[in-house]
Amino acid sequence: PCAEPLDLPPGGTIPEVFLAQARRGANRPIVADQASGMRTYRDVVLGVMVLRPLIERMPGDRVGILLPAGVAADIVYMATLLAGKTPVMVNWTVGARNIKHCLSLAGVKRVLTARRLVERLKAQGVDLAPAEGMLVHLEDLADGVSKLTKLAAAVASRLSWASLDKAAARLSPDAPAVILFTSGSEAMPKAVPLTHANILANARDIAALEIIRRGDRLLGFLPPFHSFGLTVTTVLPLCLGAPVAHHPDPTEAATLARIIEAYRTTIMVGTPTFLDAIARAATAEQLSSLRLAVTGAEKCPERTYDRLEQVNPNMEVLEGYGVTECSPIVSVNRPGRSRRGTIGEPVGSIQWAIVDVETQSLRAEHGRAGMLLVRGPSVFGGYMHYDGPSPFAEFDGRQWYRTGDLVVEEPGHVLRFSGRL
């Protein structure tokens with residue numbers, strides 16, 4: 001990669017920014033996986049053109065998406081937005097009770113998925129019964145599209161994207177661009193609507209850090225029902241113009257190592273658990289192209305830092321911290337000055353305060369752990385259909401999102417995570 005940073009084109013909604021980026025070079029390869037091979041922006045636009053009218057005809061304002069990281073998920077997500085529907089990302093790992101709760105909470109009537117995935121999940125013992133009557137298989141949709149329709153879309157993808165421009169123009173920056181769900185570890189999952197403005201604010205913050213440069217290639221394996229996977233390896237690559245190689249199963253460490261080698265990936269993004277497994281399964285040669293490992297969602301253990309450093313001494317580990325409700329990146333270490341064991345500095349648009357745990361109305365003493373409060377354009381507006389305690393707190397005469405996480409501020413506004421409240 002060269003030192004030249006990539007930038008997000010102007011635009012208030014995700015499809016608007018995506019289409020503007022695609023126009024900068026429609027024949028640029030942008031997404032890949034083992035099932036689809038490498039796909040260009042024009043290929044993605046073609047897929048969106050074919051799928052959009054089919055999704056438009058589906059009942060309800062919200063459409064479930066039950067897909068792993070991959071070219072199909074990227075196209076389906078963008079097509080759903082341009083069909084004027086809100087994508088609801090379905091997490092199949094949370095159990096039948098929670099799946100039923102999430103689909104009901106979001107009022108989902110149809111769930112887009114792939115037959116191959118459903119068969120694999122059922123073989124693994126995953127209970128998808130609550131979604132059974134709603135599932136729409138992409139394979140069936142594709143079979144139902146006539147050759148004439150495909151030809152018309154192929155011609156339009158080369159000559160005019162006006163239909164997509166009109167569809168994008170109808171979207172509001174303040175409308176939900178996705179509905180995600182909290183983990184449900186403490187209670188039933190809560191629905192987190194994130195607007196186009198929320199996600200793009202986070203994407204612009206990440207772009208401004210110049211972590212991703214021209215010539216970088218990302219590895220994406222976190223599922224799009226995970227906020228980290230949705231923003232950093234689904235929306236960001238498409239809107240920033242950074243190619244991403246996907247793999248649907250984050251647990252297949254040896255395969256991921258081979259994908260890194262095959263695509264000469266320069267940045268891998270994932271949780272410490274998955275990155276540690278890749279480092280253990282890979283040879284030094286397989287990971288030699290990597291420049292950065294960006295990690296978050298759980299504290300990165302010392303042994304993972306050591307292992308990553310051992311397998312590729314030239315690779316820098318950037319640990320960060322995020323929350324689904326914040327779209328999700330709140331803070332991250334910067335290249336060239338990463339501080340091991342910390343979660344870095346807050347990103348540009350985030351305002352933050354560390355408050356005393358007991359009073360929650362006074363700032364924590366410097367160097368002591370306190371609860372992190374945040375506010376800014378990437379912070380959501382509130383849970384959907386929720387009557388529990390407010391996730392927001394009044395402090396310093398303003399409203400803040402209460403993360404429930406304890407941090408310590410170190411010199412240079414660097415934060416160190418010290419646990420959940």
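Helices here are DSSP runs of H or I at least four residues long, numbered from the N terminus. With that in hand, take helix H2, where glutamate 56 and arginine 52 sit four residues apart, about one turn of the helix. Their side chains form a salt bridge, with the closest N and O atoms 3.2 Å apart. The two partners differ in how much they show: glutamate 56 is partly exposed, at a relative accessible area of 36%, whereas arginine 52 is buried, at 12%. Keep in mind throughout that this is a predicted model.

Now step back to the whole chain. There are 13 helices and 20 strands to find your way around. Along the principal axes, the C-alpha atoms fill a box of roughly 70 × 55 × 45 Å. How does the radius of gyration sit with that of a compact globule? For 421 residues such a globule would come out near 22 Å, and the chain has 21 Å, which agrees. Buried residues account for 57% of the 421 residues.

Back to the charged pairs. In general, side chains of opposite charge can pair when their charged atoms come close. The structure holds 17 salt bridges, and a couple more are worth a look. One of them brings together the side chains of glutamate 4 and arginine 214, at 3.2 Å from N to O. Glutamate 4 lies in the segment before helix H1 (14–23), and arginine 214 in the loop between helix H9 (196–208) and strand S9 (218–220), so this pair ties together parts that are 210 residues apart in sequence. Glutamate 4 counts as partly exposed at 41% relative accessibility, and arginine 214 is partly exposed too, with a relative accessible area of 35%.

Then there's the pair made by arginine 420 and aspartate 405, whose side chains meet at 2.9 Å, N to O. Here the link runs between strands: arginine 420 is in strand S20 (residues 414–420) and aspartate 405 in strand S19 (residues 398–410), so parts that are 15 residues apart in sequence are tied together. Arginine 420 is partly exposed, with a relative accessible area of 47%, while aspartate 405 is buried, at 6%. Elsewhere, salt bridges that share partners join Glu302, Asp306, Glu309 and Arg340 into one network.

What about the cysteines? A disulfide needs two cysteine sulfur atoms within 2.5 Å, and by this rule the count comes to zero disulfides. Cysteine 239 is in no disulfide, and the nearest cysteine sulfur, that of cysteine 326, is 20 Å away. Cysteine 326 is in no disulfide either; the nearest cysteine sulfur to it belongs to cysteine 102, 19 Å away. Cysteine 239 is buried, with a relative accessible area of 1%, and cysteine 326 is buried as well, at 0%.

Next, the empty space. Rolling a probe the size of a water molecule over the atoms shows where such space is left. Start with the second largest pocket, which holds about 1000 Å³. It is lined by 36 residues, and the closest to its centre are Ala35, Ser36, Val71, Ala72 and Leu138. Which elements give two or more residues to this lining? They are helix H2 (41–56), helix H3 (71–82), helix H5 (115–123), helix H6 (138–143) and helix H7 (147–159). Helix H2, our starting point, gives the most, with six residues. By class, the lining of this pocket has 21 nonpolar, six polar and nine charged residues.

Finally, look for space that is closed off. A search of the whole structure finds two cavities of 30 Å³ or more. The largest cavity has a volume of about 40 Å³ and is lined by Met38, Arg217, Pro243, Val244, Ala245 and Tyr263. By class, that lining has five nonpolar, no polar and one charged residues. The second largest cavity comes in at about 30 Å³. Around it you'll find Met89, Val90, Asn91, Ile99, Cys102, Leu103 and Phe181. Helix H4 (residues 96–106) gives the most to the lining of this second largest cavity, with three residues. Here the classes are six nonpolar, one polar and no charged residues. Cys102 in that lining is the cysteine whose sulfur is the nearest to that of cysteine 326, 19 Å away.

Technical notes
Residues numbered from 1 in each chain as written. Predicted model: local features only at pLDDT ≥ 70, side-chain atom pairs only at ≥ 80, totals over all residues. Heavy atoms only, no water. Buried < 20%, exposed > 50% of the residue type's maximum accessible area, 1.4 Å probe, protein only. 1 Å grid on protein atoms, 1.4 Å probe; cavity = no way out; pocket = protein on both sides within 12 Å on 5 of 7 lines; lining within 4 Å. Points joined across faces, edges and corners; volume = space filled by probe spheres on them. Nonpolar A, V, L, I, M, F, W, Y, C, P; charged D, E, K, R; others polar. Salt bridge = Lys/Arg side-chain N within 4 Å of Asp/Glu carboxyl O. Rg over C-alpha atoms; globule rule 2.2 N^0.38 Å.
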